[in-house]
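This report looks at a ligand site and a chain interface. Have the sequence and the structure open while reading.

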Amino acid sequence: MIEISFKNIKKIYPGEKIALDDLNLEIKKGEFLTVIGPSGCGKTTLLKMINGLVMPTQGELLIHGKNIKDIDIIALRRKIGYVIQQIGLFPHLNIEKNISYVLKIMGVEEDKRRKRAEELLSLVGLEKETLEMYPRELSGGQQQRIGVIRALAADPPIILMDEPFGAIDEITRKTLQDELLKLQERLKKTIVFITHDIEEAMKLGDRIALINKGKLEQIASSKEMFLILELLL
Amino acid sequence: MNLLREVIDQYINRSGFFLEAFIEHIELSAMAIILVTLIGVPIGIIMSRYPKIAPPILSFVNFLWTIPVIAFFGIMISVLGLSTLNALFALLIYGLLPIVRNTYVGIMEVDKSIIEAGKGMGSTKWQLLFQIELPLALPVIIAGFRNMAVMTISFAAIASFIGVGGLGKAIWRGISLNNLSMTIAGSILIAALAIAVDLSLGYIEKRVLLRVQGRTKGGIVNE
Ligand SMILES: Nc1ncnc2c1ncn2[C@@H]1O[C@H](COP(=O)(O)OP(=O)(O)OP(=O)(O)O)[C@@H](O)[C@H]1O
Ligand SMILES: [Mg+2]
């Protein structure tokens, strides 16, 4: 089943900057798609189109077969988990409130939010005391973990991750990748995961999309991509 | 030394007069401060929603702020006459700049990535404003409020020339009666009031900044 589909998508930013150029891409339900490509090739633009932070200049973006322009964007966003490139935790809210923010704006009661936050925290092996701490009091790796579970809070079917493990050391990064794979085995979400790192893309993705200069250059399963790279290198 | 004793005598002999003027001064300042806040904060918020209209509004409140105080009060008296309302209006004109500017700048300076996270998670415009933007802009808004409050307290002395009481009365009467110690006694009270307000708001500002940055356990703030 197709969950998200890009049909001849073009995005031109003010100043005539073409970020996406006639892009066609179908993302299946429950698949882990990694998107890779050089800096500035349009990865973040592609991702933000799925939750309506960026609108296409041309073409159609369908979610569950429905044009995004006809969807209630606020309701849609609440069903899409979003881990932004810069983590973006709310510095004035403690970890519990950060994790349960989306539940709060949806009007979920306080004790249910608390329970959910505890549940999610244990998912990534952090102590319960962490709930009372503030983002600034956590290490980079811990912040990344919170960023990830915050996106899971409302149990959304789709999760967008923009280089979530970008700015952390190699070892923590490997651990977080393994954690994410284990999570996905259980949760079976549709994940779109952006990265710079080909190894990360191959390790995590069921399929890998290679973007270059706003165009979809290749899309292949990890195995196929491995062969393609062998041929190229 | 003589002058100091005379000033103290003023407070002792005219305690009733000074107390009344002091209370009037606080009342007038408080009314003006509330009015400026109620008008200035929404203007700043609206500007942040429509950044295109921000520069002309900022230039306008900035222009108001640069009108010489004495000239302005002179015009007020001759055109509008003497009344509390006019004094409030005058204080409003001067108080707007810091509060409007800081509300606007405070909101605009909130980290874009944090706004994007809030938006991307499905906040409505109002939720974004009240849960994310305003709380994070609060330290800057309080700094503007503090600036405005101190300014209003000192300008309220001039406002008493438009016949609405307050500690300016003591300065005014001291000048016309050629009674220096009375003028000084009034001025000291105004300065004391302004300093007290400045220090307490400065304290609050720091606490709020720590809160907003998530340093409840009392870390050091680097500014
Ligand atoms: N709001 C914007 N206005 C104008 N140009 C933009 C805007 N956002 C992105 N761009 C441009 O569009 C192109 C694609 O940007 P995008 O952020 O999607 O790249 P990216 O692949 O995510 O890069 P990176 O790997 O560095 O994060 C870039 O050239 C960028 O400069
Ligand atoms: Mg990017």
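## Residue classes

Ala, Val, Leu, Ile, Met, Phe, Trp, Tyr, Cys and Pro count here as nonpolar. Asp, Glu, Lys and Arg count as charged, and the others, Gly among them, as polar. With these classes, the shell around ligand 1 divides into three nonpolar, seven polar and three charged residues.

The model is predicted. Every value below is computed from it.

## The shell around ligand 1

Ligand 1 is surrounded by 13 residues. The closest are Ser39(A), Gly40(A), Lys43(A), Thr44(A) and Thr45(A).

Two elements of chain A each supply at least two residues of this shell: strand S2 (17-28) and helix H1 (43-50). H1(A) gives the largest share, three residues.

## Polar contacts of ligand 1

Which atoms of Gly40(A) lie 2.8 Å from an oxygen atom of ligand 1, backbone or side chain? For Gly40(A), the partner is a backbone N or O atom.

The two threonines use their side chains. In Thr44(A), a polar side-chain atom lies 2.6 Å from an oxygen atom of ligand 1. In Thr45(A), a side-chain N or O atom is 2.5 Å from an oxygen atom of the ligand. On its own, ligand 1 has 630 Å² of accessible area, and the protein covers 65% of that.

## The interface of chains A and B

How many residues of each chain are in contact? Chain B brings 23 residues, and chain A brings 24. The area buried between the two chains is about 2200 Å². Carbon and sulfur atoms give 58% of that area.

The interface also holds 12 residue pairs in polar contact, with both residues at pLDDT 80 or more. On the side of chain B that touches chain A, three elements give two or more residues: helix H6 (112-120), helix H7 (125-159) and helix H9 (180-212). H6(B) gives the most, with seven residues. This side of chain B divides into seven nonpolar, 11 polar and five charged residues.

## Salt bridges

Side chains of opposite charge can pair when their charged atoms come close. Across the interface of chain B and chain A, the rule finds one salt bridge. Which residues form it? Lys48(A) pairs with Glu116(B), and their closest N and O atoms are 3.1 Å apart. The cut-off for a salt bridge is 4 Å, so this pair qualifies.

Over all chains, a search of the whole structure finds 22 salt bridges. The pair that crosses between chains runs from helix H1 of chain A, at Lys48(A), to helix H6 of chain B, at Glu116(B). H1(A) thus appears in two places: it supplies residues to the shell around ligand 1, and it carries Lys48(A) of the salt bridge.

## Chain B as a whole

Chain B has nine helices and zero strands. From the N terminus on, its elements run α-α-α-α-α-α-α-α-α. Along the principal axes, the C-alpha atoms of chain B fill a box of roughly 65 × 45 × 25 Å.

Terms used:
Residues numbered from 1 in each chain as written. Chains lettered and ligands numbered in written order. Predicted model: local features only at pLDDT ≥ 70, side-chain atom pairs only at ≥ 80, totals over all residues. Heavy atoms only, no water. Near = heavy atom within 4 Å. Polar contact = N/O pair within 3.5 Å; in protein donor to acceptor, adjacent residues only side chain to side chain. Areas by Shrake-Rupley, 256 points an atom, 1.4 Å probe, with all protein chains shown as cover. Helix = DSSP H or I, 4+ residues; strand = E, 2+ residues; numbered from the N terminus. Contact = heavy atoms within 4.5 Å. Buried area = accessible area lost by both parts, 1.4 Å probe. Salt bridge = Lys/Arg side-chain N within 4 Å of Asp/Glu carboxyl O.
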